[in-house]
Protein chains: 2
Amino acid sequence: MAPKQSSPVIERLAIIGAGLIGSSIARATKARGLAKTVVVTDHSPTVRERVRALGFADEVPDAAAEAVVDADLIILCAPVGANGDIAREIGAWLKPGSIVSDVGSVKSAVIAAVQPALPASVHFVPAHPVAGTEYSGPDAGFAELFENRWCILAPPEGEDQAAVAVVQEFWTRIGSNVEIMTPAHHDLVLAITSHVPHLIAYNIVGTAADLETVTQSEVIKFSAGGFRDFTRIAASDPTMWRDVFLNNKEAVLEMLGRFNEDLAALQRMIRWGDGDGLFELFTRTRAIRRGIIEQGQETPAADFGRRASTPDKAQ
Amino acid sequence: MAPKQSSPVIERLAIIGAGLIGSSIARATKARGLAKTVVVTDHSPTVRERVRALGFADEVPDAAAEAVVDADLIILCAPVGANGDIAREIGAWLKPGSIVSDVGSVKSAVIAAVQPALPASVHFVPAHPVAGTEYSGPDAGFAELFENRWCILAPPEGEDQAAVAVVQEFWTRIGSNVEIMTPAHHDLVLAITSHVPHLIAYNIVGTAADLETVTQSEVIKFSAGGFRDFTRIAASDPTMWRDVFLNNKEAVLEMLGRFNEDLAALQRMIRWGDGDGLFELFTRTRAIRRGIIEQGQETPAADFGRRASTPDKAQ
């Protein structure tokens, strides 16, 4: 059942929060004609001013409550920790039958924070586009960010299936592959594919910054050996990531426990010179990489040397 | 004192091991005319055949002992653990006054393994070009790999300064920035900028592969959230990395101890909901990233979305 590519999915879209994700959704919606009107707002006057200048929104009201009036789909694009407050601010202004969604990297905590603030006549279909860059703000967004990326929908149990279908069509037509799972399972999957990787990247960059035996200038100079990839991850938005860890505590701590257990075993292999054990692990991890490239979630181009000076190599 | 760009640095260069690094050195030497003759060999007949086909070497003898005859500079480009055996194989065939060097990511252990096997008339100037990609083998190499990257020289105490100067000129004219430090300090610096990052990347990819609650297919699908950058690092050559960890045990275990200590503190912040502590760390780590970009060791282009579909963005 292919959607009609020419008709909009909804009449009026409201985006609350114009950072990397919010501004990219607005740009993609305009580029693909998915809504007749795109309304964007942000709690920061500076950001709103910038959104007006960039011109990817039809309307840029000052208040979230104003932005949601008559909207059919309202997407909360603020850091995870702000969603509860926003829901309380907009709750009374939502049109009956409208659909609220979000883009947060955490789902169970967002549902607990948002759902109680919404009127019974409004649907809530939490979503998580698994895409991003290490940059933030309205200038960092671009319309193609979600193309060929996954978007996970994690509706609360018993949510209206017609509302889920609208959000699914919206993300499909933005160019994403949509998968539906329970909020709890989403939080577990993302803990290992995103949250713990960010945490250990932040951690090793912090460790390197605090050493007495190696200077910060040496760390920077010789980062091409592997470290600099961690610094890219550790340059992601601090507010967003603080909120992720505060709101997905259980799943993150569970996955971190597994990581620590495995790292202790690896540490032991090094201490005791178990070359076969190391070789076996280092070989096994290549299979996952191949899977990621085969499924189009990554290019095979060598990236350690950085593209600017690296011809594409596949092997 | 700028080197004469037109004259070769040496007459005859021998490269033992034609993987990513060895084949890149051979290509760069030819491209920049740094040696009159480039001899390349490899212990694998298949690799030697491939080197002959690729055409970046003037001579491709079968044996290392044959390759080093009359060479002025001999660069060992095999995995770190193989260097001792190679030194014993070539020791008797080396020309008096010639210079042996290497490219290993570990220096103290290599010196301990190689130096006793070399005649007193031969100089040993260990080097480490801090550059690479996640690919291996003679097809993966390219002449520009070392441009604007750092190459560390770590000569044993009391090594002949004229020999050090030759190796320094060689790497400078390949396009690298050369820094000289003690072998022990090199091993500590690389433990934090390269070895521990690789170890934790291998580790988390292994953890993800072993989970029961999240399928491997889910890990692959949703890797765009951060995990896939770790898989690139964890796709590096298993033999090379096994040897690195076996040969830089003390420094790696020391840095890993610091990493673990810091991770325990971070874990505690999450458990107790210390948002300010998390925010402070996540902000601090951005400064190191800025330093790396400012020093030209990285481009500011957003890379999470991957270049193919991402316009360059700087902010």
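Lys221(A) touches four residues that I want to start with: Trp150(B), Glu179(B), Gln295(B) and Gln297(B), leaving aside residues up to four places away in sequence. Lys221(A) sits in helix H8 of chain A. This is a predicted model, so every distance I quote is computed from predicted coordinates. The side chain of Lys221(A) makes a polar contact with the side chain of Glu179(B), at 2.5 Å. Is this lysine buried or exposed? Lys221(A) has a relative accessible area of 17%, and because the cut-off for buried is under 20%, Lys221(A) counts as buried.

That takes us to the interface as a whole. On chain A, 115 residues are in contact with 115 residues of chain B. The size of an interface is often given as the accessible area lost when the parts come together. Here the area buried between chain A and chain B is about 11,500 Å², and carbon and sulfur atoms give 65% of that.

Now the polar side of the interface. Between chain A and chain B there are ten salt bridges. One of them pairs Asp210(B) with Arg284(A), with the closest N and O atoms 3.0 Å apart. The count of residue pairs in polar contact between the two chains, both residues at pLDDT 80 or more, is 32. Which elements of chain A supply at least two residues each to the side that touches chain B? They are strand S7 (150-153) and helices H7 (183-209), H8 (216-221), H9 (227-233), H10 (238-247), H11 (249-271) and H12 (275-294). H7(A) gives the most, with 20 residues. By residue type, the side of chain A that touches chain B divides into 55 nonpolar, 33 polar and 27 charged.

Next, the core. In soluble globular proteins, nonpolar side chains tend to be buried together. The largest nonpolar core in this model has 134 residues, and Ile74(A) and Ile74(B) are the ones with the most contacts inside it. Looking at the chain B copy, Ile74(B) touches, among others, Ala14(B), Ile16(B), Val68(B), Ile90(B), Leu94(B) and Ile99(B), again not counting residues up to four places away in sequence.

Staying in chain B, Val9(B) lies in the segment before strand S1 (10-16). Val9(B) is at 17% relative accessibility and so counts as buried. Beyond four places in sequence, Val9(B) touches Leu34(B), Val166(B), Glu169(B), Phe170(B) and Arg173(B). The C-alpha atoms of Val9(B) and Trp171(B) are separated by 10.0 Å, with these positions 162 residues apart along the chain.

Ser44(B) is in the loop between strand S2 (35-41) and helix H2 (45-54) of chain B. At 16% relative accessibility, Ser44(B) is buried. Its side chain reaches the backbone nitrogen of Val47(B) at 3.0 Å. A polar atom of that side chain also lies 3.3 Å from the backbone nitrogen of Thr46(B).

Last, backbone angles. Most residues other than glycine have a negative phi. Asn148(A) has a positive phi, near 60°. Asn148(A) is in the loop between strand S6 (127-129) and S7 of chain A, and is partly exposed at 38% relative accessible area. Asp70(B) also has a positive phi, near 70°. Asp70(B) is found in the loop between helix H3 (64-67) and strand S3 (73-76) of chain B, and counts as partly exposed at 48% relative accessibility.

Notes: Residues are numbered from 1 along each chain as its sequence is written. Chains are lettered from A and ligands numbered from 1 in the order in which they are written. Side-chain values use heavy atoms; hydrogens and water are left out. Contact means heavy atoms within 4.5 Å. Buried area is the accessible area (1.4 Å probe) that two parts lose on being put together, summed over both. A salt bridge is a side-chain nitrogen of Lys or Arg within 4 Å of a carboxyl oxygen of Asp or Glu. A polar contact is a pair of N or O atoms within 3.5 Å; within protein, one must be able to donate a hydrogen and the other to accept it, and residues adjacent in sequence count only if both atoms are side-chain atoms. Helices (H or I, at least four residues) and strands (E, at least two) are DSSP runs, numbered from the N terminus. Ala, Val, Leu, Ile, Met, Phe, Trp, Tyr, Cys and Pro count as nonpolar, Asp, Glu, Lys and Arg as charged, and the others, Gly among them, as polar. Buried means under 20% relative accessible area, exposed over 50%, partly exposed in between (1.4 Å probe, protein chains only). A nonpolar core is a set of buried Ala, Val, Leu, Ile, Met, Phe, Trp, Tyr and Cys residues joined through side-chain atoms within 4.5 Å.
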